[in-house]
Amino acid sequence: MITKNTNILISGASIAGPTLAYWLKRYGFTPTVIERAPQLREGGYPIDVRHEAVQVAKLMGIWSRLQQEKTNIGEISFVNERHQRIFRVNLQPLRKAFDPSTVEITRGDLAKTLYDLTKDEVEYCFGDSIQALKQDEEGVDVTFERGGSRRFDLVVGADGLHSIVRTLVFGDEAQFERYFGYQVGVFTTDNYLGLDEASMQMYNVPGKGVGLRSTRGNQALVAYFLFKQPNKLRYDHHDVERQKQLLAEVFASEAWEVPRLLEKMQTAPDLYFDAVSQIRMETWSHGRAVLLGDAGYCPALLSGQGSSLAMMGAYILAGELKVALGDHQRAFPQYEQAFRPVVTKEQKKVGSGNFFVPGTGLGLWVRNHLGPLLMPPALVAAELWGGLLPMSNSRPSRLKDYDGNVLPTINTIQPGEPLQGGSKDEPTATA
Ligand SMILES: Cc1cc2nc3c(=O)[nH]c(=O)nc-3n(C[C@H](O)[C@H](O)[C@H](O)COP(=O)(O)OP(=O)(O)OC[C@H]3O[C@@H](n4cnc5c(N)ncnc54)[C@H](O)[C@@H]3O)c2cc1C
């Protein structure tokens with residue numbers, strides 16, 4: 001029975017926040033979620049749920065919904081300005097070899113699934129933000145931007161790369177940010193090219209790349225713009241018009257579909273524009289405040305790990321609070337001790353981005369000419385490696401069991417397979 005610190009404020013309703021709210025509610029806490037956006041953000045870019053996040057999804061009973069809503073990328077075609085294919089990368093053998101249990105889903109669909117699971121039992125406050133926090137021995141006084149204040153026992157920052165909780169509790173973001181020298185822009189528009197979900201097209205000039213793929217049953221098109229930007233751009237993170245202007249300026253002279261896409265961007269409802277950065281901190285908690293997901297340990301989008309770390313972190317943080325019966329002084333260090341090795345390992349895996357965005361004309365030439373030669377043997381090697389599974393790739397789960405479940409070995413779980421001894425895969429497990 002949880003006896004202390006039951007009343008918990010979570011800032012951010014994307015992946016980390018609602019996952020934590022689910023587990024806290026299940027363990028007897030009372031979470032409240034505050035989200036700056038006026039409603040759930042539906043950004044359409046696909047992300048991966050991988051590693052132990054698959055187990056977390058299964059324990060939450062949402063795995064079959066994720067399966068239903070998954071997107072299915074099969075290949076990437078690199079094209080020139082005349083829409084001719086230079087070469088293609090078949091992703092299926094690579095996935096089978098290195099990521100067999102991963103599901104790819106749009107970030108918005110994952111966020112919506114998590115929100116739907118919790119919305120009836122968790123208080124969500126949209127269109128507001130924490131403005132100030134004042135901690136004392138017994139709790140935290142929170143003042144909100146829209147006015148008013150409330151007192152909570154604990155506060156969790158699950159509010160992303162530019163976390164307000166981190167800034168208020170730990171100070172300026174720049175101390176913790178490791179910038180990778182790229183800027184990204186992503187938005188959705190109509191599938192005016194009639195592209196198929198299984199294939200992504202990628203166009204490059206030195207230092208810049210534009211990717212296109214369809215989602216949502218081929219109804220929508222996701223456009224990715226990635227460019228090298230050695231000096232970090234300075235702009236207001238909430239000024240979307242300025243962000244559109246910056247992206248349009250960088251790609252103004254490019255060919256292929258770029259002029260049309262920049263035109264469509266002007267009316268896109270969901271532009272995501274941000275630096276490719278990692279957050280590295282020596283500690284994730286201070287007193288009664290703690291950080292979760294991108295707010296505490298953003299791995300940078302080139303890693304493809306952000307959503308998975310957010311879900312795993314939420315499961316562990318809630319689990320440690322449960323075990324400590326709400327005592328944050330025991331639970332926060334335990335959360336950190338259990339999860340930091342995982343985060344450190346995954347943060348080291350970030351690729352350079354040079355394959356997708358070669359920085360020079362020579363680099364682009366090399367990729368476009370060596371890629372077609374090297375890809376077939378690489379795929380044969382991947383097929384062979386995939387054939388060796390589960391021996392080669394399986395390992396014990398890095399998650400502890402907080403809830404009486406037996407956690408299966410990673411990468412031997414097949415899509416749709418329930419947890420060993422667990423009946424929690426189907427949506428019976430509500431918060
Ligand atoms: C193009 C792209 C591709 C990606 N690909 C992958 C991938 O393949 N695999 C993967 O795992 N991850 C990927 N990611 C990263 C992934 O989206 C994030 O790492 C993941 O969503 C982290 O979840 P989070 O909940 O911690 O933070 P976020 O998703 O950033 O959510 C933070 C939430 O907090 C809200 N918020 C912000 N400020 C405030 C405030 N002051 N008050 C209240 N609320 C606030 C935001 O509106 C948002 O809803 C990708 C990201 C991008 C942009």
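**Figure 1. Helix α10 and the shell around the ligand.** In this predicted model, α10 gives the largest share of the shell around the ligand, with 4 residues. Helix α10 spans residues 306-323, and α1 (16-26), β2 (30-35), β3 (46-49) and β12 (177-190) are the other elements that each supply at least two shell residues. Look for Gly12, Ser14, Gly160, Gly293 and Gly306, which come nearest to the ligand among the 34 residues around it. By character, the shell holds 15 nonpolar, 12 polar and 7 charged residues.

**Figure 2. An open sheet of 6 strands.** Follow the strands across this view in the order β7-β2-β1-β11-β18-β17; their pairing is mixed. Which strands stand at the edges? They are β7 (123-126) and β17 (285-286), and each has a single partner strand, so one side of each is left without a neighbour in the sheet.

**Figure 3. Strands β11 and β18 side by side, with α1 packed on the sheet.** Here β11 (residues 154-157) runs parallel to β18 (residues 289-291), and 3 bridges join the pair. One bridge to pick out links Val155 with Ala289 in β18. Helix α1 packs on the sheet, where it touches β1 (7-11), β2 and β11. The direction of α1 makes about 165° with that of β2.

**Figure 4. Helix α1 against helix α10.** Two packed helices are described by the angle between their axes and the distance between the axes. For α1 and α10, the axes come within 8 Å and cross at roughly 30°. Angles under 35 degrees count as roughly parallel, and α1 and α10 are therefore roughly parallel to each other. Their crossing is right-handed. On the α1 side, the contact is made by Ala16, Thr19, Leu20, Trp23 and Leu24, which meet Ala310, Met311, Gly313, Ala314, Tyr315, Leu317 and Ala318 of α10. The residues of this contact are 10 nonpolar and 2 polar, with no charged ones.

**Figure 5. Helix α2 against helix α10.** This view turns to α2 (residues 53-60), which packs with α10 at an angle of about 55°, the axes being 8 Å apart. How do α2 and α10 lie to each other, given that angle? They are oblique to each other, and their crossing is left-handed. From α2, the residues Ala53, Val56 and Ala57 meet Ser307, Ser308, Met311, Met312 and Tyr315 in α10. This contact divides into 6 nonpolar and 2 polar residues, and no charged residue takes part. Met311 and Tyr315 of α10 are worth finding in both helix views: they meet residues of α1, and they also meet residues of α2.

Conventions: Residues numbered from 1 in each chain as written. Predicted model: local features only at pLDDT ≥ 70, side-chain atom pairs only at ≥ 80, totals over all residues. Near = placed C-beta within 6 Å. Nonpolar A, V, L, I, M, F, W, Y, C, P; charged D, E, K, R; others polar. Pairing = 2+ DSSP bridges. Contact = placed C-beta atoms within 7 Å. Axes fitted to C-alpha atoms, helices over the stretch in contact; angles between N-to-C directions. Parallel < 35°, antiparallel > 145°, perpendicular 65-115°, else oblique. Left-handed = near helix turned anticlockwise from the far one by under 90°.
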